[in-house]
Amino acid sequence: MVMPAQFTLHPELEIGEIDPRLYGSFIEHLGRAVYGGIYEPSNPSADENGFRQDVLKLVKELNVPIVRYPGGNFVSGYDWEDGIGPKHQRPRRLELAWNSVETNQFGTDEFVAWCRQANTQPILAVNLGLRGAGAARHLVEYCNHSNGTYWSDLRIANGFRDPHNIRVWCLGNEMDGEWQIGHKTAEEYGRLACETAKVMKGVDPRIEFVACGSSSSKMPTFPEWEMTVLDHAYEHVDYISLHTYLGNEENDTLHFLAKSLEMDRFISTVVAVCDLVCAKKHGKKTINLSFDEWNVWFHSRAGDEEIAPWQIAPPLLEDIYTMEDALVVGCMLITLLKHADRVKIACLAQLVNVIAPIMTINAGTCWRQSIFFPFAHASRFGRGVALNLNVRSPMYDDRKYGQVPYLEAAATWDREQGNIVVFAVNRNTDAALVVEGDVRTFSDYRVVEHITLTHPDLRARHTAESPNVIAPQRNGDARLEAGVLRALLPEASWNVIRLAKLH
Ligand code: AHR
């Protein structure tokens, strides 16, 4: 018999304003993310731009306000000039990050046009691996300057009269990783990030920058890397990046579900470093966090070793996600909400085919993976401010993480709309969990619905032939009586409990 978990829903437990960009995603020139994913001119659903409308429909349903592009590791070897202008003149190149052939039939202009159709904003990364401040400066001029200069007029000649107005720029990608093309030390990268930001801002003073933090909290240079980079670049950047991929390599579900605690500690440490650098510099500016790559990634790793090099858009990183993975993604989303005061940008990596919530078949159909649902729920309903729920939960013991609460939860409160949403994962794989919330300060609210996502087989997954095996149900029993919100969270479940103000 598992004891109930308790929580308190109170306006004074506000964590911070949720930046809508917390629900971003990522498209890299990698595998079939672009070619066969968002772009496939020969697909029956493609429009005159070659954009798959079936995929766009699911992207809109997922509701991603920003999308990072073009990489990822890809960007560190990318010459952005290859991807603009008449398509028949664009070069085919060996792409060294993923050992593929890049045709450049899709580039910056196509991506911005695709973003407009997808109701999303682009975030662009610049190549600080093999290139540097010069190429980055020209790219901002191409994208953001109105007209009357070489690069802005070239954009206009290429058919884009209005500037793309890209607001947020990533200064390279995972520059701490020895796998990165043009890998750098923290000193080298910190200097380069600083100088690149200066010239790019010279072209457009309105833009913001994400500096590369560590590619994972396991990196040997973490957190010294962040200290050094910010020591150089503090004055010129606005965000520092974090990346985390989790996996169940040990085939141990409870341990896998506990791994979001790693992400939580990573965020707290990076916040501490940002604030330390600020104090050291007697600065006024708060450096916020851009968690611009996060997800589950492990299913495809072994298979990818077998894929022959130098193919165009090979099926790389095509993780097929299970119910268990959806729970971990749910825990990761809740972790981001718990740090909404400092994590202002986050990107689920990635969006289509490559470790993605949306899968496609070349020349064929597309469907939602299990992880699509928690993300879509959080993005659709998790707006306003984030509330800490002060959870008191029964625990289990994990060999690495120690005491792990069965209940992972956070709430959001949209004051204007009068909506409260409790997002909760029951990590217990053997028993349902009773939760009781003290909601006396919100007693003028009622339960609108309690959505659950669960499946008796934690290894259940979707395929093109069976795309509806794991489906959210409005079957939860949450009820609010006399200032207490009670609900039974099924074993191993993702839950969305929506409350609305009584009129
Ligand atoms: O998202 C896949 C890859 O993971 C990205 O290219 C890289 O930044 C990270 O290592």
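The ligand in this structure occupies the space that forms the largest pocket. The model is a predicted one, and every value given below was computed from it.

The surroundings of the ligand offer a natural point of entry. Around the ligand there are 13 residues, of which Glu28, Asn73, Glu174, Tyr245 and Glu293 come nearest. By type, the shell around the ligand consists of 6 nonpolar, 4 polar and 3 charged residues.

Several polar contacts can be followed from the ligand to individual residues. Glu293, one of the residues that come nearest, has an N or O atom in its side chain 2.7 Å from an oxygen atom of the ligand. At Asn73 the partner belongs to the backbone: a polar backbone atom of this residue is 2.9 Å from an oxygen atom of the ligand. For Gln350 the side chain is again involved, with an N or O atom 3.0 Å from a ligand oxygen atom. The protein covers 95% of the accessible area of the ligand, which on its own has 280 Å².

Attention may now turn to the aromatic residues. A pair of aromatic rings is described by the distance of the centres and the angle of the planes. The structure contains 22 aromatic pairs, and two of them illustrate how the arrangements are classified. The ring centres of Tyr35 and Tyr39 are 6.1 Å apart; because their planes stand at 75 degrees, and an angle over 60 counts as edge-to-face, this pair is edge-to-face. Tyr35 and Tyr39 are both buried. The pair formed by Phe423 and Trp494 is stacked, with 5.8 Å from centre to centre and 25 degrees between the planes.

Key
Residues numbered from 1 in each chain as written. Predicted model: local features only at pLDDT ≥ 70, side-chain atom pairs only at ≥ 80, totals over all residues. Heavy atoms only, no water. Near = heavy atom within 4 Å. Polar contact = N/O pair within 3.5 Å; in protein donor to acceptor, adjacent residues only side chain to side chain. Areas by Shrake-Rupley, 256 points an atom, 1.4 Å probe, with all protein chains shown as cover. 1 Å grid on protein atoms, 1.4 Å probe; cavity = no way out; pocket = protein on both sides within 12 Å on 5 of 7 lines; lining within 4 Å. Sits in = over half its atoms within 2 Å of the grid points. Nonpolar A, V, L, I, M, F, W, Y, C, P; charged D, E, K, R; others polar. Phe/Tyr/Trp six-rings, centres within 6.5 Å; stacked < 30°, edge-to-face > 60°. Buried < 20%, exposed > 50% of the residue type's maximum accessible area, 1.4 Å probe, protein only.
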